[in-house]
Amino acid sequence: MTIDPKSIHCVLCSSGEHQPRVHLDPIERAYALAAEIHRDQRYGNLPYICHPRAVAKVLQRYGADEDTICAAILHDAGEDSGDSEGTMSIIKAEFDLPVYYLVGDMTRKADESYEEYRMRIPPRAHPIKFADSGHNLSGLTPGDRREARYVENLHHCWPATRAALPNMPFWPW
């Protein structure tokens, strides 16, 4: 499947009350890299890129900066690439350091339990984890075993998310 990296433009840059103007080049590059990494993955019955795009879109809608939007698009890249170290090297070379650090914050290490990973995520990355967990939760069927984990993440990440993005509601999906 070929995905046009310019298609992120229509998703993230429509006009809206809380949407800051952003320079698209880094966002387009993040989208192109994420689309390549996730090209063979699915998110339910959709191409996987729909998930990081939705996470980035909700953050952008409520005022996230360009680095956070790029990191949101790339938030699963380290874990899903099959070469976390190589992927992180590409991100470090291609993007500003805040993007690299945010993606690193969102990347679970092979030897970490989920709880260790969740507690390690610093407040600067909480808006991404909040949007990620909310989007994941919005697609679950009732009784899914992951529901409690995502709800816990929402509550854990909400204070830092609210401080960073004061216009964002608790449930923007």
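A residue counts as partly exposed when its relative accessible area lies between the buried range, under 20%, and the exposed range, over 50%. Arg39, at 40% relative accessibility, is therefore partly exposed. Keep in mind as you look around that this is a predicted model.

**Salt bridges**

Across the whole structure, a search turns up 10 salt bridges. Three pairs are set out here, each with its N to O distance.

| Pair | N to O distance |
|---|---|
| Arg29 and Asp25 | 3.3 Å |
| Arg29 and Glu94 | 3.6 Å |
| Arg39 and Asp40 | 4.0 Å |

Let us take Arg39 and Asp40 to begin with. Their side chains meet in a salt bridge, and while Arg39 is partly exposed, Asp40 is exposed, with a relative accessibility of 67%. Elsewhere, salt bridges with shared partners tie Asp25, Arg29 and Glu94 into one network.

Within that network, Arg29 and Asp25 both sit in helix H2 (residues 24–37), and because they are 4 residues apart, about one helical turn separates them. Arg29 is partly exposed at 28% relative accessible area, and Asp25 is partly exposed too, at 36%. Arg29 also forms a salt bridge with Glu94. That pair links distant parts of the chain, 65 residues apart, with Arg29 in helix H2 and Glu94 in helix H6 (residues 84–94). Glu94 is partly exposed, at 43% relative accessibility.

**A buried threonine**

Now for a visit to helix H4 (residues 66–73), where you will find Thr68. Thr68 has a relative accessible area of 13%, so it is buried. Setting aside neighbours within four places in sequence, Thr68 is in contact with Leu59, Leu102 and Ile128.

Note on methods. Residues numbered from 1 in each chain as written. Predicted model: local features only at pLDDT ≥ 70, side-chain atom pairs only at ≥ 80, totals over all residues. Heavy atoms only, no water. Helix = DSSP H or I, 4+ residues; strand = E, 2+ residues; numbered from the N terminus. Buried < 20%, exposed > 50% of the residue type's maximum accessible area, 1.4 Å probe, protein only. Contact = heavy atoms within 4.5 Å.
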